[in-house]
Amino acid sequence: LVAIAAWAKIARPVAPLDEHRARAILAEEFPGRAVEAVWVASDGAGALAKSGGLALVVCRVGDGFAARQIPWPQAVSATFRNGRLSIDLGDIAAPRAVITLPSWPPKDLAA
């Protein structure tokens with residue numbers, strides 16, 4: 001029984017996100033929302049999308065992904081340091097999303 005209990009706590013490996021999978025998660029979590037652009041983390045551990053005045057955030061939590069929405073200005077002004085965008089989600093279940101990107105904010109969609 002000890003072995004079964006130990007095995008049950010092992011998280012299954014999660015495949016890294018790509019744009020197609022990120023868009024599929026966004027479509028499932030936010031049906032009917034038009035996604036203007038998607039930025040996928042270089043390590044595949046998260047993604048950020050612009051949808052009108054909202055930022056749709058996908059981040060790895062445990063052995064799956066959580067999706068949250070925040071105001072776009074909050075995403076644009078999030079802390080970007082050493083190639084990591086740190087977004088405060090204000091949610092107990094997923095308090096912060098850290099997304100590895102080459103640069104932030106995007107020049108063409110900053111408004």
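Let me begin with the interior: the largest nonpolar core of this model, which is a predicted one, comprises 21 residues, and the members with the most contacts inside it are Leu-48, Val-57, Ile-87 and Leu-89. Several elements contribute to this core, since E1, E3, E4, H3, strand E6 (84-88) and E7 each supply at least two of its residues. A second core, separate from that one, has twelve residues, including Leu-26, Phe-30, Val-38 and Ala-47. As background, nonpolar side chains in soluble globular proteins tend to be buried together.

If you would like one residue to follow on the screen, take Leu-89. Setting aside its neighbours within four places in sequence, Leu-89 is in contact with Val-57, Cys-59, Arg-68, Ile-70, Ala-94, Pro-95, Arg-96 and Ala-97.

Now to the sheet. Four strands make up an open sheet, arranged in the order E1-E2-E3-E4, and their pairing is antiparallel. E1 and strand E4 (64-71) are at the edges with a single partner strand each, so one side of each has no neighbour in the sheet. On average, and with direction ignored, neighbouring strands here are turned by 20 degrees against each other. Helix H2, residues 19-29, lies across E1, E2, E3 and E4, and runs at about 120 degrees to E1.

Within that sheet I want to spend a moment on strand E2, residues 46-51. How enclosed is E2 by the rest of the structure? Six of its six residues are buried, so the strand is largely enclosed. Both of its faces are covered, with Gly-46, Leu-48 and Lys-50 buried on one side, and Ala-47, Ala-49 and Ser-51 buried on the other.

On one flank, E2 pairs with E1 in the antiparallel sense over four bridges, and there Val-38 stands opposite Ala-49. The hairpin of E1 and E2 has five residues between the strands, and in it Gly-44 takes a positive phi near 75 degrees. E2 also pairs with strand E3, residues 54-61, again in the antiparallel sense, over six bridges. Ala-49 appears here too, standing opposite Leu-56 in E3, while the bridge partner of Ser-51 in E3 is Leu-54. The hairpin of E2 and E3 has two residues between the strands, and Gly-52 in its turn has a positive phi of about 65 degrees.

Let me finish with the aromatic residues. The structure holds three aromatic pairs, of which I will describe two. In one, the ring centres of Trp-39 and Trp-104 are 5.5 Å apart with the planes at 90 degrees, so the geometry is edge-to-face. This pair links distant parts of the chain, given that Trp-39 is in strand E1 and Trp-104 is in the segment after strand E7, 65 residues apart. Trp-104 is itself buried, with a relative accessible area of 9%.

The other pair joins Trp-72 and Trp-104, and this one is edge-to-face as well, at 6.0 Å centre to centre and with 70 degrees between the planes. Here too distant parts of the chain are linked, with Trp-72 in helix H3 (residues 72-76) and Trp-104 in the segment after E7, 32 residues apart. Trp-72 is buried, as is Trp-104, and the ring pairs link Trp-39, Trp-72 and Trp-104 into a cluster.

That brings us back to E2, whose residue Lys-50 is buried and lies over the face of Trp-72, at 5.3 Å from the ring centre.

How values were computed: Residues are numbered from 1 along each chain as its sequence is written. This is a predicted model: local features need pLDDT of at least 70, side-chain atom pairs count only at pLDDT 80 or more; totals for chains, interfaces and linings use all residues. Side-chain values use heavy atoms; hydrogens and water are left out. Rings of Phe, Tyr and Trp (its six-membered ring) pair if their centres lie within 6.5 Å; planes under 30 degrees apart count as stacked, over 60 as edge-to-face and the rest as tilted. Buried means under 20% relative accessible area, exposed over 50%, partly exposed in between (1.4 Å probe, protein chains only). A charge sits over a ring if NZ of Lys or CZ of Arg is within 6 Å of the ring centre and within 35 degrees of the ring normal. Two strands pair if DSSP finds at least two bridges between them. Axes are lines fitted to C-alpha atoms, for helices over the stretch in contact, and angles run from 0 to 180 degrees between N-to-C directions. Contact means heavy atoms within 4.5 Å. A nonpolar core is a set of buried Ala, Val, Leu, Ile, Met, Phe, Trp, Tyr and Cys residues joined through side-chain atoms within 4.5 Å.
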